[in-house]
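Subject: Structure for you to look at

Hi there,

Here is the structure I promised to pass on. Please open it alongside this message, and my notes follow below.

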Amino acid sequence: MASNPGKVVVVTGGSSGIGEATARELASRGATVVIGALGNTVNAMKRIVEDIQGAGGKAAYYEVDVTKREDVEGLVKFAHERFGRVDVMVNNAGIMPLSPIDALKVEEWDRMIDINIKGVLYGIAAVLPGMKSRRSGHIINIASVAGHIVTKGSAVYCGTKFAVRAISEGLRQEVGDDIRVTIISPGAVESHLADSITDENSKAEEAKVRAIAIGARYIAGAIAFAMEQPPEVDVNEILIRPTAQPF
């Protein structure tokens, strides 16, 4: 079903999980996708792009570290040079090294802030001028159920996702005449997100949640739904989680 014909979509964190599922889903619906992720995922990105192209779709990849503004600008510039513009930016890259605050994993806090917050801001900054000049565009930021509630062992992660929601809502109010802004807040999803947890107790608790996780393709479907609304309709937030998830 080609329901996004001609749209050029950039997806950060596109080598696995929600990013990969989004790239594949949107390409199957007629969008052109550019995925960006760290250099150590090049083989995965190549495979995704080859699969999309083999199915008749259009895709490309670009190495990017979203903690570096110049990298994110390079990703967007690449998409412009290759496909002419960026219609949709999906700021998906994120990490979740859960731990209690008194574990004092300060380096992990810094990394979450750099990726989960500053990475989103860099993505916005890279695409906003072009979207404003065309008076058209859609920025989709991946937040989390953790941006709605706070649980023990997740205070800093929740803080980053509350920030994503606040930034997104502020952006919507400022640019909403021409540019759509959507927050996607997933619950437990099958992905490598929990792999970054180094605190053993937090890892054990998260494993219980992962046992009921839903497939990343369902988050991709929610993103596609928001994109496919007519220009005058802005789906501002979708919160999607396993039926069995208690929080």
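Let me begin with helix α4, which covers residues 106-134, has 29 residues and reaches 41 Å from its first C-alpha to its last. That is close to the 42 Å expected at 1.5 Å a residue. Please keep in mind that this is a predicted model.

The helix does have a kink of about 35°, and you will find it at Leu128, shortly before the proline Pro129. Just after α4 comes Arg135, whose phi is positive, near 55°.

α4 also matters for the packing inside the model: it gives ten residues to the largest nonpolar core, the most of any contributor. That core has 39 residues, and among those with the most contacts inside it are Val127, Leu128 and Met131, along with Val10, Val86, Ile139 and Leu171. Helices α3, α4 and α5 (155-175) and strand β6 each supply at least two residues of this core. If you want one residue to click on, try Val127: leaving aside neighbours within four places in sequence, Val127 is in contact with Val76, Val86, Met89 and Ile139. There is also a second, separate core of 35 residues, which includes Val11, Ala27, Ile35 and Val42.

Now to the sheet. It is open, with seven strands paired in parallel in the order β3-β2-β1-β4-β5-β6-β7. The edges are β3 (58-63) and β7 (237-240), each with a single partner strand, so one side of each has no neighbour in the sheet. On average, neighbouring strands are turned by 15° against each other, direction ignored. As an example of the pairing, β5 (residues 137-142) and β6 (residues 179-186) run parallel over six bridges, and Ile140 stands opposite Thr182 in β6.

Two helices that pack on the sheet are worth a look. α3 (residues 69-83) touches β1 (8-12), β2 (32-37) and β3, and its direction makes about 150° with that of β3. α7 (residues 216-227) touches β1, β4 (88-91), β5, β6 and β7, and its direction makes about 160° with that of β6.

One last spot: is Ser15 buried or exposed? Ser15 sits in the loop between β1 and α1 (17-28). Its relative accessible area is 10%, so Ser15 is buried, the cut-off being under 20%. Leaving aside neighbours within four places in sequence, Ser15 is in contact with Glu20, Ala37, Thr41, Ala44, Met45 and Ile48.

Happy to talk it through whenever suits you.

Best wishes

Definitions and conventions
Residues numbered from 1 in each chain as written. Predicted model: local features only at pLDDT ≥ 70, side-chain atom pairs only at ≥ 80, totals over all residues. Heavy atoms only, no water. Pairing = 2+ DSSP bridges. Helix = DSSP H or I, 4+ residues; strand = E, 2+ residues; numbered from the N terminus. Axes fitted to C-alpha atoms, helices over the stretch in contact; angles between N-to-C directions. Contact = heavy atoms within 4.5 Å. Expected span 1.5 Å × (residues − 1). Bend = angle between axes of the 7 residues up to and from the residue. Core = buried A, V, L, I, M, F, W, Y, C linked by side-chain atoms within 4.5 Å. Buried < 20%, exposed > 50% of the residue type's maximum accessible area, 1.4 Å probe, protein only.
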